[in-house]
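Please look through the model shown below, and keep it in view while reading. The report that follows moves from one region to another and ends with the chain as a whole.

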Amino acid sequence: MSFLSLTIRNRNSFLFIAIDSFKSRHWIPLRTLTSHIPHSHPPMDNSSNNNNNKDQVIEDPEKKKKKEEKAREKQLKKEKFLQKQAQQQQVQQSSSAPKKSEKKAARRGAEDENPEDFIDPETPSGDKKRMSRQMAKQYSPTAVEKSWYEWWENSKYFVADSSSSKPPFVIVLPPPNVTGALHIGHALTAAIEDTMIRWRRMSGYNALWVPGMDHAGIATQVVVEKKIMRERKLTRHDLGREKFISEVWEWKDKYGGTILQQLRRLGASLDWTRECFTMDDQRSKAVTEAFVRLYKQGLIYRDIRLVNWDCVLRTAVSDIEVDYIDIKERTLLKVPGYDKPVEFGVLMKFAYPLEGNLGEIVVATTRIETMLGDTAIAVHPDDKRYSQFHGKCVIHPFSGRKLPIVCDAILVDPTFGTGAVKITPAHDPNDFEVGKRHNLEFINVFTDDGKVNSNGGSEFLGMPRFKAREAIAEALQKKGLYRGSENNEMRLGVCSRSNDVIEPMIKPQWYVSCGDMAKEGLKAATDEENIRLEIVPKQYLADWKRWLENIHDQLQEYGVYNDHWVVARNEEEAQAEASQRYSGKKFHLIRDPDVLDTWFSSGLFPLSVLGWPDDTKDLKTFYPTSVLETGHDILFFWVARMVMMGMKLGGDLPFRQIYLHPMIRDAHGRKMSKSLGNVIDPIEVINGISLEGLHKRLEGGNLDPKELAVAIDGQKKDFPNGIEECGADALRFALVSYTAQSDKINLDIQRVVGYRQWCNKLWNAIRFAMSKLGDNYIPPANLNLDVLPFSCQWILSVLNKTITKTIKSLESFEFSHATTAVYSWWQYQLCDVFIEVIKPYFSGNDPKFAAERRHAQDTLWFCLDNGLRLLHPFMPFVTEELWQRLPSPKECKREDSIMICSYPSPIQGWNNEKVENDMDLVESTVKSLRSLAKESRDRRPAFVLCLTRAVEEIISSHQLEIVTLANLSSLTVINENDAVPSGYANTVVNETLSVYLELQGTSSAEAEQGKMKKIEELKKQIEKLEKIMSAPGYEEKVSPQVRAKNQEKLDSLKERLLLEETTGLTIASK
């Protein structure tokens, strides 16, 4: 029960009570209110205003009774008078709704509004939303976005039918990593893809949007390892393989659910019946089958190569998981597993003694610890300083090994450093190639956890690599071989998952031969005679070519605990193959503990989500998919893999088009980072969050105290008042509208807030429409354009063009153009012009507007129905809510939901260029009059001076529209033969039209001053342009097109000046 605050006051000797409820105040006549007051409280009147007066005289009961009757009669008369007055006023201002609705509205106006009528009743989960009797007076995202999604999902509107005869349209959601919650980048992906899928579904396609999650191999491993270390002080090695995998599945079940709920909150219309996970049974089966097939085709092979090794995770990591730090000079950095910071950016020099005491050769390195694995010294063959040492050896100072001096013109730059280079083939990519060219020994000197192994010698055995760095430098000094150090600029590779410094290590791994597959993928996108794969935006085609033309065979195995790769499809098959290969021999099968790169399973996603390798109905119906939408940063790492795998294993490209969206930055253009405090959680934008709430999220993370302080300070600057509640619709619309920035999006939350406010504009447009349509309105099946008023013909014409532009923009992936078209029509044409211009039709029961009222109602309904369906893919929640409130046509059954309605298509006959041109002139006239009126809303008379007969006819026939939109008291059309009005301010609309508005509150001198200022500004522009056009060499240097444009502009400026001077302001006292 809501609390009501009652305040009594006397207005013109008639008692009123103010009821304060839900932050609104309504003044209601006392007699009307008494029926709402419990009977235990008697009606109050003027005689009871002073109940506390102890000297009050007790009246005779009979006299009191007569007095009360007389007062009641008097009060009834006043009530009848007020009621009649209110009804007359309502008639003047009401719409042309049916009489029954008018009477109903009149009764409501005399009674207090019931707040409960504006509140949505509770809706059982999965049921169609139960909406309030009356539309709330303001848009609320929380109220509007509640219940619709559960009903959509429960109604199976998202489910695609593999037996349907409709043309398929298929998108596979880039599977988010099951490592936590979604970020704003995921929200961008969901917004764009849901826009596409809802549009295609409404356009008659069998639309399938497949949801999935990626196990994210190493990323998940890191998170789970931190969890068990924090909670139980155990490593994954302490747990063992099976128990650790069990922990990973627990994590997936817990946080995977969070991700799915976030996608639902965003309104993503995914087909949840086909939800999958890259490590579920079907996807694991696909990975095994792909590996076996590629292996048997000779495309997967095992080799010993250098990999990016993470000593903390004890695994190889892909190039995409390596970040680089640019170091200019000596720098101390914190490295996981070390108590003290480690020094980088230092070039250390030391000497190798030549065999036979013939001297020494000095080399330099930034990683002196790797010298334990040196197997040669390289010099340039043309470097005369070392020509006498060709073919000789140096002696390793710790192991005593002989290291040959080799000549290598490819690696060695004789002008850099000493001109001699130490070669460590097992720990450096360049040295690895030198080792292969010269058949050198490859010696690995580190264990998997980054400690010196037995190959490094007993003196340093078991030392962590960076502690060995210090020990080796000290040992060389003792031997007299250390030659000093200096600053050195370098790039340091760091694992993005663990922050460990990457150690190049030689490891036996599985690789995929990519050469031929890459050529096919390249040809599909670049063969101009047969383009089968379109990349949008086209600028990324160059990246596609560069990567695939220079592709290396892909590492496919990771040394981590997970469950993907086996040599054969299963143990029985492996046993049978081994028995055949090693017939008569004893053998023992051991399962490889390493696993495939997570990109391998992700590369199969378009196939595996549809049931491959099984020959499923989904695979036959929905493969290849239609569009791959993702961020441009993984074009090579994921998209190229899908193309190669799809063509090789699926027999066709996995999709026909690739749309690459921009990467999201903060409002200042900075990369979003927890340490900067600028990471935005989409749910926090949808629901809103206080500054304190943002701080708490940071404090619950793993930032160190210094980073936390910086992050909190960043939040205070960017979100001083927290983040306002914006709702999913506003966030989606803002993100999609940002896609015009093809490379990066600088996301400003205030723009999202602006679209939330725009939702309120839509809300009010429907509220206005409902008030004008009335309770008994039934829309027609079609419109007869020939009888429609001018404004109705115009709004339908511009709506038709908006529909065409929106569809073309969606087809060409120009999503920002689509949002601009839809927004502009709703905001600037429907709300700002049409709704305003038809108000006179509803301002009373004037018979002359009877036909116009009905036509305006019908046109308004068609506009709202089409406009909401046009907007639905971008803003699904608010459009569903508003569409459900529109009356239904009687002749045909309407769909249950807007999301399964037909998408608007252009209607032949709606386009009307003449009407649009006429309205352009009307709007220009109104704009000029409003400019003269400035901020004033006083209704004033105006004149329009028309210098041609055609313009005069247009303005004369549309005076009502101009008077309404410009808020005029009257409008007089004059021509060049009429006297120019005095006492009016004027301005030029164009060369054939000027407007005059009565001065109000402005002196003649001020008006004249404004006029002269405008003339002076025109003269300055003319002078500036004439100076440019008369400059020496102008004719020779400037192109004919630019010269013609400048001349056209100059002529236009001169015409405007002439009009200002000749039809200038004449002010005289009235």
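## A report on selected regions

In this predicted model, three strands form an open sheet in the order S14-S13-S19, and their pairing is antiparallel. The edges of the sheet are strand S14 (360-365) and strand S19 (482-487), each of which pairs on one side only. From one strand to the next, the twist averages 20°. Strand S13, made of residues 346-353, pairs with S19 over four bridges in the antiparallel sense, and within this pairing Leu-347 has Glu-486 of S19 as its bridge partner.

The loop between S13 and S14 contains Asn-357, a residue that has a positive phi of about 55° although it is not a glycine. Is Asn-357 buried or exposed? With a relative accessibility of 78%, Asn-357 counts as exposed, because the cut-off for that word is over 50% relative accessible area.

A second residue of this kind is Lys-156, which is not a glycine and has a positive phi, near 60°. Lys-156 is placed in the loop between helix H5 (148-154) and strand S4 (168-172), and its relative accessible area of 57% makes it exposed. The loop between H5 and S4 also holds Ser-164, but Ser-164 is partly exposed, with a relative accessible area of 24%. Ser-164 can also be described by its distance to Tyr-205: the two residues are 41 residues apart in sequence, while in space they are 9.5 Å apart from C-alpha to C-alpha.

### Two cis peptide bonds

The table lists two peptide bonds that are cis, each with a proline as its second residue.

| Residues joined | Omega |
|---|---|
| Trp-612 and Pro-613 | about 15° |
| Tyr-623 and Pro-624 | about 0° |

Pro-613 lies in the loop between helix H17 (605-608) and helix H18 (617-622). Pro-624 has its place in the loop that runs between H18 and strand S26 (627-631).

### Strand S33 and its partners

Strand S33, residues 993-998, is mostly covered, since six of its six residues are buried. In a regular strand, the side chains alternate between the two faces of the sheet. Which residues of S33 point one way, and which the other way? Leu-993, Val-995 and Leu-997 point one way from S33, whereas Ser-994, Tyr-996 and Glu-998 point the other way, and all of them are buried.

S33 is paired with strand S30 (residues 940-946), to which five bridges join it, and these two strands run antiparallel. In that pairing, Leu-945 has Ser-994 of S33 as its bridge partner. Strand S32 (residues 984-990) also pairs with S33 in the antiparallel sense, over six bridges, and Ala-985 stands opposite Leu-997 in S33. The connection from S32 to S33 is a hairpin, which passes through two residues. Both residues named here on the S33 side of these pairings, Ser-994 and Leu-997, are among the buried residues of the strand, and they point opposite ways from it.

### A pair of packed helices

Two packed helices are described by the angle between their axes and the distance between the axes. Helix H29 (residues 913-933) and helix H31 (residues 959-966) pack at an angle of about 35°, and their axes are 9 Å apart. The crossing in which H29 passes H31 is right-handed. On the side of H29, the contact is made by Val-922, Thr-925, Val-926, Leu-929 and Arg-930, and on the side of H31 by Glu-961, Ile-962, Leu-965 and Ala-966. When the residues of this contact are divided by character, six are nonpolar, one is polar and two are charged.

### The chain as a whole

How many helices and strands does the protein chain have? The protein chain has 34 helices and 33 strands. The protein chain has 1070 residues, of which 50% count as buried, and about 53000 Å² of it is exposed, with carbon and sulfur atoms supplying 49% of that area. Among the contacts between residues at least 6 apart in sequence, 75% join residues that are at least 24 apart.

Conventions: Residues are numbered from 1 along each chain as its sequence is written. This is a predicted model: local features need pLDDT of at least 70, side-chain atom pairs count only at pLDDT 80 or more; totals for chains, interfaces and linings use all residues. Side-chain values use heavy atoms; hydrogens and water are left out. Two strands pair if DSSP finds at least two bridges between them. Axes are lines fitted to C-alpha atoms, for helices over the stretch in contact, and angles run from 0 to 180 degrees between N-to-C directions. Buried means under 20% relative accessible area, exposed over 50%, partly exposed in between (1.4 Å probe, protein chains only). A crossing is left-handed if the near helix is turned anticlockwise from the far one by less than a right angle, and right-handed if clockwise. Contact means heavy atoms within 4.5 Å. Ala, Val, Leu, Ile, Met, Phe, Trp, Tyr, Cys and Pro count as nonpolar, Asp, Glu, Lys and Arg as charged, and the others, Gly among them, as polar. Accessible areas come from the Shrake-Rupley method with a 1.4 Å probe; for residues, only the protein chains shown count as cover.
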